[in-house]
Structures are given as C-alpha cells and as structure tokens.
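Colleague: Could you take me through one part of this model in some detail? I would like to see how the local contacts there fit in with the strands around them.

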Amino acid sequence: MTALLAGCGEAPAHSIAAEPVSRPVTFASASAEPIVTAAPSSSPSPSPSATPGDFAGCRDGDCEARVRAGDSIPIDPALGVDEISVVGLRGDAARIAFTGTSTVVDGANTSISRSCYNDRCRVRGALTISTSRPGRIGDVGLRLTRVEGDSALLVLQRAGEE
C-alpha cells in the first residue's frame, strides 16, 4: 500500500534555523571537482574529496559538500535517510530527492510516499531548500549556504547539533 503525504505526519523534534557558516566559504571554478569537508563540530575534519562525486565523508550526516544537479550523497540508514540526491539548482534553491525510512521531513514543496511490505517500510520523497529556508530529512538537517552557477554548497548536520 502506498500513501501520499504532503508535509504532514510527525513533526520535527525542533526547527532548524539557518545559520551562517562560521568560516569563509570559497567557490572554485565551475570545472572544479566536488569538495567534501566536515561541518563545524568537535570531530576531526576529513580531507577534501579527491574523486569527483565521492561523498563518503557525508555518510555520518555531518559535512559540507559542493554539489551539482545529479549528485547523490549516501547517508547512514540509521539516520532515517539512505540517500540524498540533488535533482536541480535554480536561483538560490535546490530540489532534493531522498530515500529512507523516516517520515520526518521539513522543507518547501515537500512530498513523500511510503510503501510497506511485511512490516518493512520505505520512504521516497522530495523537498526544496534555499539559502533562506533550510530543511530536514530524518535526523539530518540540510542547509544550502550558497548557489553559484551550476554548483552549490550544501551543509548536512545531524539533528541536535545545529
């Protein structure tokens, strides 16, 4: 059975406020490779990604990543989301698609569908975030700090660490 929910269901534990990045953000040229670095936290910082499209440093739900339309970021399923994909960038906004298990989703133009088989449920959905409106999927907060040309700086931060 598939149910379509539009921004309803469980309420997020708390809201995610847009906060400026605590250190300067520089954008490389449009031809630069994606860069993944740790978001400000007490954990050690991973080094920038050496391989285009390598977002392994984001698996724990705590990183900054330069993304383009078509990029997919794998996330630890324990956070309620398995994968976040950038569907498109326009103006100061990004359309994000996701798969996972959590129905806790916050953002603009949110849509989710949930299908269950033998008590195993999967959630698929999409939401829009912008530089002025962050979002959340499961236990991962999403903040778009900057969109420039065909790339954007996306900050993932585990809920409760904002």
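Colleague: Which residue does a disulfide join to Cys116?

Modeller: Happy to help; please keep in mind that this is a predicted model. The disulfide joins Cys116 to Cys121, with 1.9 Å from S to S. The torsion about that S-S bond is about 105 degrees, so the link between Cys116 and Cys121 is right-handed. Cys116 itself counts as partly exposed, because its relative accessibility is 34%, and a value from 20% to 50% falls in that class.

A search of the whole structure finds 2 disulfides, and the other pair is Cys58 with Cys63, again with the sulfur atoms 1.9 Å apart. That link is right-handed too, with 100 degrees about the S-S bond. Both Cys58 and Cys63 are buried. If you number the bonded cysteines in sequence order, the pairing reads 1-2, 3-4.

Back to the surroundings of Cys116. Strand β8 covers residues 108–117, and the loop between β8 and β9 (120–130) holds Asn118. Asn118 has a phi near 50 degrees, a positive value in a residue other than glycine. Asn118 counts as exposed, because its relative accessibility is 59% and the class begins over 50%. Asn109, in strand β8, also has a positive phi near 50 degrees without being a glycine. Asn109 counts as exposed at 59% relative accessibility.

Now for the charged pairs, of which the whole structure has 5 salt bridges. Asp82 forms one of them with Arg122, the closest N and O atoms being 2.2 Å apart. Asp82 lies in strand β5 (residues 81–90) and Arg122 in strand β9, so this pair ties together parts that are 40 residues apart in sequence. Arg122 is partly exposed, at 35% relative accessibility. Another salt bridge links Asp106 to Arg133, with 3.3 Å between the closest N and O atoms. Here Asp106 sits in strand β7 (residues 105–106) and Arg133 in the loop between β9 and β10, so the pair ties together parts that are 27 residues apart in sequence. Asp106 is partly exposed, with a relative accessible area of 27%, and Arg133 is partly exposed as well, with 35%.

Following the chain onward brings us to the hairpins. Strand β10 (residues 135–137) runs antiparallel to β11, and 3 bridges join the two. Among the bridge partners, Arg136 has Gly141 in β11. The hairpin of β10 and β11 has 2 residues between the strands, and Gly138 takes a positive phi near 55 degrees there. Strand β11 (residues 140–148) is also joined to β12 (residues 151–158) by 8 bridges, and these two strands run antiparallel. Val147 has Ala152 as its bridge partner in β12. The hairpin of β11 and β12 has 2 residues between the strands, and Gly149 in the turn has a positive phi of about 65 degrees.

Some side chains in this stretch are worth a look as well. Glu148 and Arg146 meet in a salt bridge of 2.9 Å, N to O. Glu148 counts as partly exposed at 36% relative accessibility, and Arg146 is partly exposed with 33%. Thr145, found in strand β11, is partly exposed too, with a relative accessible area of 24%. From Thr145 to Pro134 the separation is 11 residues in sequence and 9.2 Å in space, C-alpha to C-alpha.

Key
Residues numbered from 1 in each chain as written. Predicted model: local features only at pLDDT ≥ 70, side-chain atom pairs only at ≥ 80, totals over all residues. Heavy atoms only, no water. Helix = DSSP H or I, 4+ residues; strand = E, 2+ residues; numbered from the N terminus. Buried < 20%, exposed > 50% of the residue type's maximum accessible area, 1.4 Å probe, protein only. Disulfide = S-S within 2.5 Å. Pairing = 2+ DSSP bridges. Salt bridge = Lys/Arg side-chain N within 4 Å of Asp/Glu carboxyl O.
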